[in-house]
Amino acid sequence: MTKVTENRRLRRFELAITDQAIAAAYYKLRDGRVVLVHTAVPPDHAGQGFGSLLAAGTLELLRASGRKAVPQCSFMTQFVLDHPEFTDVIAG
């Protein structure tokens, strides 16, 4: 299974799709929380489940590190609504 990693320098979570393509969840830090502001999957790989793998992996990493997320992008917001098993990671 492909693994999501955090690129703190670029403030994004990354999921390698191919050697040249990644899906990314960009974030900002606010009040000790990770604000998920944008999720991007390369157009050639859209609709293949990579966004969901990225979202789940991102939330699992946040859970493991004890951090809380604030989903602001529509994709992450909908993912959390569709996957209540991640509500413990959501701030508030």
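This passage describes helix packing, the nonpolar core and two loop residues in a predicted model.

Residues are numbered from 1 along each chain as its sequence is written, and side-chain values use heavy atoms, with hydrogens and water left out. Because the model is predicted, local features need pLDDT of at least 70 and side-chain atom pairs count only at pLDDT 80 or more, while totals for chains, interfaces and linings use all residues.

A convenient place to start is helix α2, which spans residues 74–82. Helices (H or I, at least four residues) and strands (E, at least two) are DSSP runs, numbered from the N terminus. The buried residues of α2 are Met76, Phe79 and Val80; buried means under 20% relative accessible area, exposed over 50%, and partly exposed in between (1.4 Å probe, protein chains only). Viewed down the helix axis, these buried residues fall within an arc of 95°, so they line one face of α2. The arc is that of the directions from the helix axis to the C-beta atoms. Ser74 and Leu81, on the other side of α2, are exposed. The buried residues of α2 pack against β3 (22–30), β4 (33–40), α1 (50–65) and β5 (69–71), where contact means heavy atoms within 4.5 Å.

The pairing of α1 with α2 can be described in further detail. Their axes come within 10 Å and cross at roughly 75°; axes are lines fitted to C-alpha atoms, for helices over the stretch in contact, and angles run from 0 to 180 degrees between N-to-C directions. The two helices α1 and α2 are therefore roughly perpendicular to each other, given that angles under 35 degrees count as roughly parallel, over 145 as roughly antiparallel, 65 to 115 as roughly perpendicular and the rest as oblique. From α1, Gly51, Ser52, Ala55, Ala56, Thr58 and Leu59 meet Phe75, Met76, Phe79 and Val80 of α2. The residues of this contact divide into seven nonpolar, three polar and no charged. Here Ala, Val, Leu, Ile, Met, Phe, Trp, Tyr, Cys and Pro count as nonpolar, Asp, Glu, Lys and Arg as charged, and the others, Gly among them, as polar.

Attention now turns to the core. A nonpolar core is a set of buried Ala, Val, Leu, Ile, Met, Phe, Trp, Tyr and Cys residues joined through side-chain atoms within 4.5 Å. The largest one holds 24 residues, of which Phe13, Leu36, Leu54, Leu59, Leu62 and Ala69 touch the most other members. At least two residues of this core come from each of β2 (12–16), β3, β4, α1 and α2, and α1 gives the most, with six residues. Not counting residues up to four places away in sequence, Leu59 touches Leu36, Ala69, Phe79, Val80, Phe86, Val89 and Ile90. Ala69, found in strand β5, is buried, with a relative accessible area of 0%. The C-alpha atoms of Ala69 and Val35 are separated by 5.8 Å, although these residues lie 34 residues apart along the chain.

Finally, two loop residues deserve a look at their backbone. Most residues other than glycine have a negative phi. Phi of Arg11, however, is near 50°, a positive value; Arg11 lies in the loop between β1 (4–7) and β2 and counts as partly exposed at 40% relative accessibility. Asp31 has a positive phi near 50°, sits in the loop between β3 and β4 and counts as exposed at 71% relative accessibility.
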